[in-house]
Structures are given as C-alpha cells and as structure tokens.
Amino acid sequence: MSDAELVLRSTRVITPEGTRAASVAVADGTITAVLPYDAPVPAGARLEDLGDDVLLPGLVDTHVHVNDPGRTEWEGFWTATRAAAAGGITTLVDMPLNSLPPTTTVDHLRTKQRVAADKAHVDVGFWGGALPDNVKDLRPLHEAGVFGFKAFLSPSGVDEFPHLDQEQLARSLAEIAAFDGLLIVHAEDPHHLAAAPQPAGPKYADFLASRPRDAEDTAIAHLVDQAKRLGARVHVLHLSSGDALPLIAAAKADGVRVTVETCPHYLTLTAEEVPDGASEFKCCPPIREAANQDLLWQALADGTIDCVVTDHSPSTADLKTDDFSTAWGGISGLQLSLPAVWTEARRRGHGLEDVVRWMSTRTAELAGLDARKGAIAPGRDADFAVLAPDETFTVDPAALQHRNPVTAYAGRTLYGVVRSTWLRGRRIVAGGEFTEPKGRLLTRSH
Ligand SMILES: [Zn+2]
C-alpha cells in the first residue's frame, strides 16, 4: 500500500467476507487494499480513524425520481443528490419520468445529462423509458448508456409517459431482449385497478381498497410469462403485495430472469397507522397491512426479494392534499432510507451486513455497476458511508435536504446516524456540511 493516499480505519468495516476491524487503503479514488486494523500507515498517507463507527460501502439507490429539468419545483439534481449524500447514498439512478423531457430518446438523455452534470453531489446514472411509440429508440438509448428501461402497465400519473398494454409490452420486451437489456416494470394491472372501488376523499382505507393486491399479482404474473417466453431479463419495481411472492419464487426456481425490489416505506410503515388525510403516505402501489409487511421481510430474508430502493418521488407540498384520490402519489425517502430500514431490520434480528447487501451490493448488481460499486473490496470505488448504528435521532423535516421536505417519517425516532459520506475517497458531507459537487455521470459501460 505504498502508494495509498488515504487510510480509513474502523473496528467495524463491512466487507463481502463479513464485518471486521480493518484499515482500508485508497489511492486515486479507488480502494487498493483492505488491510489488518493495525497495519502501518504508509508515509504520506492520511489516516482517518473512525473509531467504532461502522464503515460500509456507499449505498446504490436505483430508484429515484429527480424530475429535473421540467419539474424542478418538485425536485432537482442539486437537492436530490444532497439528500442522497446526507443519507449515505453515493450512487443514484434516475427514473425516466416526471422530468420534462422524459428520458425516452437519446436527445432527451443528453438534455438530462447536461442538466445533471454540475449539480451532482453523488454519482448519477439514468434509466430510459419504454413507451408505446418509442421501440425504435430503445437500442440507441441502450448504446448511449442507459442502464435499462422502465415501463408502466397502468397509468403512470403523468400524461407524457403512457403505459404499455400487453401487446406493446411484448413488442418492447422482444426488442430489449434482442440486445440483452433489462426492463424494469411498474406492475399493477389496469383492469384490476379499474374494477376496484374508486378512491374518494381522505380515508386511507378507501385508497388502499382502490389499489388491491391482485392488481400487482396479476401484472407480475403476466410479466413473468412474457419474460419466460422471450428469455428476457425483467425487474419488478416497488413490490408491495406479499401475495405475489410465491409466483416470483416459483419463477426464479424455474430459471426465469426476474429480480424484485421493495422500498423502505413498505418495510417500515403500515396501513393501520396511516392517519386519514395524511397523503405524505400515498404511493402506488400502496403501503399495506402489517401482516403483509411480515411477508416482505420474510422474502428479503430468503432472497425472493433482491433489494431495497427508495422510489424517492417528491412533489411540491401543495400537491399533497388531504384527498387520497387527487394527491400526488410518491414518498420522499432518500435521506432517511438507511436509518429507516436499519431500524426495522435490527428489530427483526437482521445485521447491517444484510442491509448493505439489499441496499448496495445487490442494487449495484442490478444496474451492472458491481465492478466499481456495492462493496468494500480492492478495485472498487472508494465510496463509503460512516454510520453510528446504535445512535438514534428524531426525524425533523427541517433537517432534510430534498427540495420539498414533506416526509412520512416526521417525528419518528430512528437508529443509525450517518456521520459522513465519501465519494471516490473524498468526503462529500459530514455534520451537515457539503463539499462542492463532484459526482460523475455514469453509463452502462462503466
Ligand atoms: Zn418510482
């Protein structure tokens, strides 16, 4: 490690082989070695002694709606990446919708990259979008470096991003399979949604009844069938229905190329506790009952669910009305995802290693970023979060960095204080102080 510029030392470093006392050597923004705790610090290298704070790989959040440009009053690259950094996230992948333009052509991708370039406090990549009329744009977007393509099977909530019917899904998926790309899917079946009681007013129970589990289960069953028929790679976004888990487990056992994510709000909040009128808890699919939540945790434990991502999807506060039928659907979780998930994980007997696997290692794999991200190991980027896992804090919306600090977690006491976050060997935030943004724009070839 003679060329190391920086050594981070902690009694608890989370590596792929487990948690141990270690010294992590860094040169040129890359981890060069994971050494014994008391290894001598080379001449010229700076030692950062973290004591008993845990050193973990920076989180990789593959489901973030930054909305920039076009709906920057909702969120933007500057604020979203600050919230990410403050929460221990060092890489985010931006969703193709809610910005104007949506990321559905190479030109639109270039526009988004231009806007993000000098505002990114963390590394940023992009998903493309699969619309009914852009099949011809998919391969060029793939070659331009998007990580995969998002599609909706039911209305998306914004007019410029229409959903695919089954025939359109088959066409897009066949094209994506032809270059062995990845389709990531918002899976709720529009016919089941249309047949459900329509939501009205402030009662959460009415909203929940309008987005039944069988809408998810049916859409996922169709998606799995199509993936199997085409040999295509698909990913189920924000799984909420525990009833879909047996068919997902069966598909995986059958060799279907399907992965699944869920979100902090499904794992930590329950329908029983959502107050009527509290649309900061509104998202689609919805937060369901406590018994359903137990199924999601079981599926994380047994590997049926692969990873946990935020689905950070903010809007301005005025769109979060007390009427669940019209309020914007989306929960803003970037800055709080690690402590929220960790708090519930520890209560259920999971270790921080599990949380790192779900929120960093596997999400890096999902996006194909695992050569550089997702683990503390030689050759990976020196991206870290430093966490005090046994310290608690009470969520104060005023301390949140995203543009409109509406949060479903206000007033909650959470375990896990992020002391600092590091990107390629550079501390990007500590104690609420940020350095200038030097995040990179990532493409699939990275
Ligand atoms: Zn989303």
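Two strands are taken to pair if DSSP finds at least two bridges between them. Helices (H or I, at least four residues) and strands (E, at least two) are DSSP runs, numbered from the N terminus. The model is predicted: local features need pLDDT of at least 70 and side-chain atom pairs count only at pLDDT 80 or more, whereas totals for chains, interfaces and linings use all residues. Residues are numbered from 1 along each chain as its sequence is written, and side-chain values use heavy atoms, with hydrogens and water left out.

An open sheet is formed by six strands in the order β9-β10-β11-β12-β13-β14, with parallel pairing. Its edges are β9 (128–129) and β14 (307–308), each of which pairs on one side only. Within this sheet, four bridges link β10 (residues 149–152) to β11 (residues 182–186) in the parallel sense. Ala151 has Val185 in β11 as its bridge partner.

Antiparallel pairing is found among the N-terminal strands β1, β2 and β3. Strand β1 (residues 6–15) is joined to β2 (residues 18–27) by eight bridges, and the two strands form a hairpin with two residues between them. In this pairing, Val13 is matched with Arg20 of β2. Strand β2 is in turn joined to β3 (residues 30–36) by six bridges, with Ala33 in β3 as the bridge partner of Ala25. The hairpin of β2 and β3 also has two residues between its strands, and Asp28 there takes a positive phi near 50°. Strand β2 is mostly covered, seven of its 10 residues being buried (under 20% relative accessible area, with a 1.4 Å probe and protein chains only).

Strand β5 (residues 54–57) is covered on both faces: Val54 and Leu56 are buried on one side, and Leu55 and Pro57 are buried on the other. Two bridges pair β5 with β1 in the parallel sense, and Leu55 of β5 stands opposite Val13. Strand β5 also runs antiparallel to β15 (residues 384–394), to which four bridges join it. In that pairing, the partner of Leu55 is Val386 in β15.

The axes of helices α3 (residues 135–144) and α4 (residues 166–178) come within 10 Å and cross at roughly 30°. Axes are lines fitted to C-alpha atoms, for helices over the stretch in contact, and angles run from 0 to 180 degrees between N-to-C directions. Helices α3 and α4 are therefore roughly parallel (an angle under 35 degrees). On the helix α3 side, Val135, Leu138 and Arg139 meet Arg171, Ser172, Glu175, Ile176 and Ala178 of α4, where contact means heavy atoms within 4.5 Å. The residues of this contact divide into four nonpolar, one polar and three charged. In this grouping Ala, Val, Leu, Ile, Met, Phe, Trp, Tyr, Cys and Pro count as nonpolar, Asp, Glu, Lys and Arg as charged, and the others, Gly among them, as polar.

Ala117 lies in the loop between α2 (106–116) and β8 (123–126). The relative accessible area of Ala117 is 40%, so the residue is partly exposed (between the limits of under 20% for buried and over 50% for exposed). With neighbours within four places in sequence left aside, Ala117 is in contact with Gly439 and Leu441. Ala117 and Gly439 are 322 residues apart in sequence, and their C-alpha atoms are 8.0 Å apart in space.

Notes: Parallel < 35°, antiparallel > 145°, perpendicular 65-115°, else oblique.
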